[in-house]
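Here is my note on the structure you sent, set out as numbered points. Please read each point with the coordinates open beside it.

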Amino acid sequence: MNTARPDPDALLRALRRQDDARGRLKVFLGAAPGVGKTYEMLIQAARRRDAGEDVVIGVIETHGRAETEQRVAGFEIIPRRAIDHRGQTLHEMDLDAILTRHPALVLIDELAHTNAPGCRHDKRWQDVEEVLNAGIDVYSTLNVQHLESLNDVVASFARLRVRETLPDRVLDHAEIEVVDIPPGELIERLKAGKVYVPQEASRALAHFFSHSNLTALRELALRRAAQAVDVQMLDYLRAHALEGTWAAGERLLVAVGADAGALEVVRAGKRLADSLSAPWTAVHIETGHGAPTASSREMLSAALHLASQLGAQVATVPAGGLAEGLAHMAADLRATIVVMGQSARRGLFRRDPLPAQLAGLGAALHVVPRAAPPRRPSRARGTEFDLAAWLLPPGLLISGALIACVTLAGVMFAALGSVTNIALLYLLPVMLAATRYGLWTGIVTGLLSSLAYNFFFIPPIHTFTIADPQNLITVVVLLAVAVVVSHMAGRLRDTAMLSRASAVRSSALAGFARQLTGIGAAGDLGRVLCEEGAGLLGCYTVLLMPQDGALVEIAASPPDTALQALDRVVAQWAFDNRRPAGRGSDTLSAAEWLFLPVEAGGQALAVLGVAHPDAAQPVRADLLPMLTSFLDQAGLALDRIRLETERGRMRRLEERDALRAALLSSVSHDLRTPLTAVIGLLGNLMPADAEQARVLALARAEGERLQRFVANLLDMVRIETGAVEWRPEPVDLAEAVSSAVHDLRHLLGARPLTIAIAPDLPLVRLDPRLLHHCLINLIENAAHYSPAETPIRIEARQDGDGLDLAVIDEGPGLPRGAEARVFETFTRLEGSDRKGGTGLGLAIVKGFAEAMGLQARAANRTDGRGACFTLHMPGALLWKESDHK
């Protein structure tokens with residue numbers, strides 16, 4: 001009966017791949033540019049389009065190749081998004097437009113592309129992940145040199161390091177199709193100008209596109225595709241509980257022991273894996289037989305660290321026996337080759353029993369010969385002592401004392417006249433010795449118990465002679481039962497030790513998670529994480545978090561741990577790149593510390609450093625996966641603490657804004673009524689002479705100015721409470737500007753004013769009331785913060801993307817970098833023409849402009865001294881003749 005069960009992780013991955021809610025990714029993988037990846041992708045997409053599926057192009061890079069451009073014809077192309085970056089216009093894939101369009105299949109070329117600043121994601125493969133999550137299938141292309149794991153390999157022979165890379169995990173669940181042509185044919189295409197223009201083609205032939213480079217890249221592409229297929233096959237086998245090795249590709253399992261030959265076994269496994277281009281796993285089987293010594297732990301740690309450095313997956317697996325554990329791991333990994341060291345031969349054994357036990361595994365066994373031990377010196381004094389120490393198992397003295405106690409009790413029972421069941425008493429020290437001290441101590445104790453029973457209780461007593469054959473059977477049975485009981489008790493002890501070790505690790509993980517639920521401060525979390533990490537690995541730990549642009553120690557174990565300058569550089573690199581760095585990693589390994597990023601939500605929140613107390617020793621690599629589990633939970637807890645802190649800050653801001661809005665509303669309403677009455681009374685007064693007329697005009701102007709301040713307060717309240725409503729209608733910009741200038745006639749006085757608005761400009765669909773407020777504040781801002789004798793210019797100009805209405809003054813201008821900050825509420829910039837005032841006018845302009853779909857911009861003039869404030873009106877707001885019905 002097949003008792004194999006599907007692997008839960010593999011089954012979950014299979015269910016995710018079959019999930020209809022997520023799109024499917026197909027990657028056309030090539031060895032180099034020009035092999036025809038994009039062309040082949042377009043051919044297959046055209047087949048799906050012709051079959052009636054909804055297929056669109058998100059982004060295609062034709063690079064001027066005529067045959068590719070011909071294939072693009074007939075597809076719907078989603079326009080790219082224009083991004084302004086440092087004065088240049090860049091065009092990137094419009095992710096939101098694709099999600100809104102939601103086709104069945106979208107073509108997204110160059111998967112490893114780096115997006116321009118301003119896009120939602122840094123990398124195009126991250127855009128693809130979002131498209132897949134939306135349930136849209138994706139076809140994409142990739143050159144093998146863009147894979148992160150192969151970046152160093154390609155750089156070693158091509159003398160060129162590719163900067164745009166993507167993680168290998170992106171291809172884990174993708175369908176991969178290799179687009180391949182021989183290197184000679186690709187070189188001919190390059191010479192013919194079908195890949196690059198002639199000048200670039202000549203330079204490429206002299207460097208990257210050499211025959212040797214293309215051959216090596218071709219081999220990498222084929223092997224990487226084969227590895228991806230092998231991983232998918234193994235996932236299928238595990239998900240469906242299919243047995244067998246399925247040796248379509250070689251897979252190595254290297255058994256690492258805690259002895260001096262472990263390093264040689266690891267190196268032999270690495271050489272064999274490289275020669276076969278096969279993935280390999282280094283595993284240590286914990287059997288629980290005997291307590292490990294300090295030297296054996298150091299040798300095991302060094303061997304596992306070496307395996308990790310050489311690219312192996314490292315694991316430690318508890319099992320009842322070495323053969324049992326290796327068989328389980330080989331079956332789980334579908335290993336085709338098991339590499340192990342030769343066991344030491346002891347006593348009378350003349351063969352290695354482990355290969356014989358694994359003979360039926362279905363995998364080839366590669367036994368690494370044990371190095372010849374150094375020749376022993378001539379027998380000297382003290383050799384007998386060493387031999388005796390080797391022969392005496394631990395705990396034998398205590399077992400002997402127990403045997404003596406049982407013998408004394410037996411003598412007392414014999415004095416009462418019954419010796420029938422005294423033999424059973426000797427099983428007690430046997431069971432105790434085997435359970436507490438192991439199998440060999442139990443066997444020796446059983447032998448001594450048999451001899452004691454024979455000497456004290458079998459006639460003739462006080463001799464080892466057995467006169468009655470029945471008594472001989474009793475001694476033999478007692479010895480056999482003692483051996484069996486010792487064996488069973490020893491196995492039970494070993495199993496209990498393994499279970500205890502596994503329970504300790506699980507309890508540590510569960511306890512750590514339980515502690516995190518009650519932690520509300522990053523410092524407390526760092527202290528717990530450092531203590532748990534130090535206890536797990538037996539090393540020093542330190543946690544660093546960013547503060548004021550630098551990494552600062554939050555907690556450490558021991559508390560007085562200090563980092564050197566090099567360690568801080570390595571920690572910063574690990575934090576910035578979200579990758580392990582330092583001793584034991586493949587980056588900056590000269591440092592004494594290994595730094596691991598603590599991540600959550602796709603960003604690094606902190607970095608944990610671990611170091612062995614002996615700087616020459618590495619941290620055990622097989623325990624790092626459990627530490628990673630700690631870091632995952634710590635990352636979630638740190639993210640929770642950050643969100644709680646942010647929520648508290650937002651709550652305080654909301655309370656402050658609500659109080660400010662209530663205060664502004666109350667004050668503005670209380671001032672509005674008396675101001676209206678005062679201005680009305682000033683307008684009704686008749687001056688008796690010119691001096692009174694001047695005073696009344698000044699008082700009325702100041703009253704109107706104060707009324708505008710109050711109106712600004714009310715408008716700010718409306719903006720912040722979201723109560724701004726706009727009613728669009730066709731607006732003539734010339735009339736709108738004239739109306740605003742008329743309302744400011746007392747403020748402007750005799751100041752020179754130039755209005756340059758062409759009469760043939762189209763009408764704009766805006767709210768005239770909100771536009772009037774914007775113009776009032778912009779013109780008043782220019783009048784107040786520029787010299788009274790300088791002119792103000794108001795101009796409108798149309799460009800290809802809409803229409804700009806600008807208010808230009810000749811004041812001191814804006815400080816560098818303050819172009820966006822000038823529109824913030826209550827912002828008054830010192831050292832410029834924007835200081836003074838309430839700081840509300842420009843904030844109101846921005847709020848009303850955004851409500852109407854406009855963009856408010858501020859900049860210094862390029863043709864002279866002063867500032868220019870612009871309202872940009874997109875083309876969609878321009879009134880067309882077809883809109884008039």
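1. I begin with internal space, bearing in mind throughout that this is a predicted model. The largest cavity holds about 40 Å³ of space, and the count of cavities of 30 Å³ or more comes to one. Its lining is made up of Ala31, Val35, Asp180, Ile181, Pro182, Pro183, Leu186, Leu214 and Arg218. The elements that contribute two or more residues to this lining are α7 (183-191) and α9 (211-239). By character, the lining residues of the largest cavity divide into seven nonpolar and two charged, with no polar residue among them.

2. On the overall architecture, the protein chain contains 27 helices and 25 strands. Of its 885 residues, buried ones make up 42%. When contacts between residues at least 6 apart in sequence are considered, 69% of them join residues at least 24 apart.

3. Arginine 124 deserves a look, and one may ask whether this residue is buried or exposed. Arginine 124 counts as buried because its relative accessibility is 2%, which is under the 20% limit. The residue belongs to helix α5, which covers residues 124-133. Leaving aside residues up to four places away in sequence, arginine 124 touches Val59, Glu92, Ile108, Asp109, Glu110, Leu111, His113 and Asn115. Two of the names in that list, Glu92 and Glu110, are glutamates, and Asp109 is an aspartate.

4. Leucine 447, which is found in helix α18 (residues 439-457), can be set beside the arginine of the previous point. Leucine 447 counts as partly exposed because its relative accessibility of 43% lies between the limits of 20% and 50%. Its C-alpha atom is separated by 9.3 Å from that of alanine 480, a residue 33 places away along the chain.

5. Helix α27 (residues 841-851) is mostly covered, with eight of its 11 residues buried. The buried residues in α27 are Gly841, Leu842, Ala843, Ile844, Val845, Gly847, Phe848 and Ala849. After this helix comes glycine 853, whose phi is positive, near 85°.

6. On the cysteines, how many disulfides does the count give? The count comes to zero, and cysteine 530 may serve to illustrate the reasoning. The closest cysteine sulfur to that of cysteine 530 belongs to cysteine 539 and lies 9.9 Å away, which is too far for a bond because a disulfide requires the two sulfur atoms to be within 2.5 Å. Cysteine 530 is also buried, at 0% relative accessibility, and cysteine 774 is likewise buried, with a relative accessible area of 1%.

7. Turning to charged pairs, a search of the whole structure finds 27 salt bridges. One of these joins arginine 48 to glutamate 53, with the closest N and O atoms 2.7 Å apart. In this pair arginine 48 counts as buried, at 18% relative accessibility, whereas glutamate 53 is partly exposed, with a relative accessible area of 33%.

8. A further salt bridge links aspartate 639 with arginine 642, where the closest N and O atoms are 2.5 Å apart. Both residues lie in helix α22 (residues 624-684), and their spacing of three residues is about one turn of the helix. Here aspartate 639 counts as buried, at 15% relative accessibility, while arginine 642 is partly exposed, with a relative accessible area of 37%.

9. The side chains of arginine 793 and glutamate 795 also meet in a salt bridge, at 2.7 Å from N to O. Glutamate 795 counts as buried, at 15% relative accessibility, and arginine 793 is partly exposed, with a relative accessible area of 34%. Beyond such pairs, Lys26, Glu175 and Glu177 are linked in a network of salt bridges.

How values were computed
Residues numbered from 1 in each chain as written. Predicted model: local features only at pLDDT ≥ 70, side-chain atom pairs only at ≥ 80, totals over all residues. Heavy atoms only, no water. Helix = DSSP H or I, 4+ residues; strand = E, 2+ residues; numbered from the N terminus. Buried < 20%, exposed > 50% of the residue type's maximum accessible area, 1.4 Å probe, protein only. Contact = heavy atoms within 4.5 Å. 1 Å grid on protein atoms, 1.4 Å probe; cavity = no way out; pocket = protein on both sides within 12 Å on 5 of 7 lines; lining within 4 Å. Points joined across faces, edges and corners; volume = space filled by probe spheres on them. Nonpolar A, V, L, I, M, F, W, Y, C, P; charged D, E, K, R; others polar. Salt bridge = Lys/Arg side-chain N within 4 Å of Asp/Glu carboxyl O.
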